[in-house]
Amino acid sequence: MKPKVFITKQIPEEVERYIAEHCEYSIWEEETPIPEAQLKEKIKDVDGLICPKANVTESLLSHAPNLKVISNIAVGYDSFDTELMESHGVLGTHTPYVLDETVADLIFGLILSAARRIPEMDKFVRSGQWSSMEDTSLFGKDVHGATLGIVGLGRIGEKVARRAKFGFNMNVQYYNRSRREELEEKYGLEKKSMEELMQSSDFILTMVPLSPETTKLIGEKEFSLMKQEAVFINASRGKVVDESALIEALKSNKIRGAALDVFEQEPVDAANPLLSLDNVVLTPHLGSATQQARDAMAMKAAENLVAGVTGQAPPNVVKELQHLVP
Ligand code: DGY
């Protein structure tokens, strides 16, 4: 008998065929996310669950006594409660590598958009305000040759560092728990303390995963240390930044601007003050949103799922649960 799995969103045909070869499955076909009560009903006898960012709670796990693996279709897995999953003997997997370059492309888009004020200037042209481009208050800030500070030099941070160094001749520095000597050599990077990084960077990018230690890692103190001309970029998780402190820094021009793909609350509330500020570029958590990356993520998640429900070792178990791998 094939193991049973539940899929919470539509996936590419090829991925569905692959799952069908190995599992009995059903899919949530609606565009809107599955309501929790229905999810609990659907998973009551499954061996595996594949979903983007499932909110793992005791109540969810207790509805799925046969569950062996939750396969996240995302690289970030802050929606997993790994201690809880361990206590239920449930593996958690994610989708690293296949989206790194895609997210790094977006980050460069954000850096350039904020520095050269591209969305703001687009509105300027469309609204018929363009008569000359001599007004210095419309000028932007150079990216090439500037200093980029990366907080969290993981897989995606590295791809950004490579673009910065070889594409834009930037001086790249980083803050990370551990030293990355091989990357220092490869890209001429310099490791800094958090304080030094804040004080000496022209562009500051946060790329740390969300955890209790990184929640509100960047707050009032960090913004107060930044240069007045600094541009802050976040493409990891909204909660690693104290959003009120960021809004205050942008409103009072303590920093020049920001570019954000992620927010404390997603989707952003219509009343969020960020929406009315000109010195911030906003995108709707689209870091991995290209067809190629999303297809590759779905296939990787399927491979993790199938391995997990057929008693093999899934290739991408999250590090906190790797000791549970058979
Ligand atoms: C991830 O995979 O964690 C990304 O945030 C999705 O865009």
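Contact between domains is taken here to mean heavy atoms within 4.5 Å. The model analysed is a predicted one. Its chain is assigned two domains: domain 1 is discontinuous in sequence, covering 4-98 and 291-324, and domain 2 covers 100-282. Taken over C-alpha atoms, the centres of domain 1 and domain 2 are separated by 32 Å. By the criterion above, nine residues of domain 1 touch five residues of domain 2.

A ligand is present in the model, and the residues around the ligand are Lys 53, Ala 74, Val 75, Gly 76, Leu 99, Arg 237, His 285, Ser 288 and Met 297. Of these residues, Lys 53, Ala 74, Val 75, Gly 76 and Met 297 fall within the bounds of domain 1, and Arg 237 falls within those of domain 2. Leu 99, His 285 and Ser 288 lie outside the assigned bounds of both domains. By class, the shell comprises four nonpolar, three polar and two charged residues.

Polar contacts to oxygen atoms of the ligand come from both backbone and side chain. A polar backbone atom of Val 75 is 2.7 Å from a ligand oxygen atom, and a backbone N or O atom of Gly 76 is 2.8 Å from a ligand oxygen atom. From the side chain of Arg 237, an N or O atom lies 2.8 Å from an oxygen atom of the ligand. On its own the ligand has 240 Å² of accessible area, of which the protein covers 92%.

The second largest pocket encloses about 460 Å³ of space. Its lining consists of 15 residues, and those nearest the pocket centre are Thr 8, Pro 33, Ile 34, Pro 52 and Lys 53. Lys 53 is also among the residues around the ligand. Seven residues of this pocket lining are nonpolar, four are polar and four are charged.

The structure also holds one cavity of 30 Å³ or more. The space in this largest cavity is about 50 Å³. Its lining is formed by Asn 234, Gly 238, Val 241, Glu 243, Leu 246, Leu 260, Val 262 and Phe 263, which are within the bounds of domain 2. Five of these lining residues are nonpolar, two are polar and one is charged.

Technical notes
Residues numbered from 1 in each chain as written. Predicted model: local features only at pLDDT ≥ 70, side-chain atom pairs only at ≥ 80, totals over all residues. Heavy atoms only, no water. Near = heavy atom within 4 Å. Polar contact = N/O pair within 3.5 Å; in protein donor to acceptor, adjacent residues only side chain to side chain. Areas by Shrake-Rupley, 256 points an atom, 1.4 Å probe, with all protein chains shown as cover. Nonpolar A, V, L, I, M, F, W, Y, C, P; charged D, E, K, R; others polar. 1 Å grid on protein atoms, 1.4 Å probe; cavity = no way out; pocket = protein on both sides within 12 Å on 5 of 7 lines; lining within 4 Å. Points joined across faces, edges and corners; volume = space filled by probe spheres on them. Domains from an automatic or database assignment.
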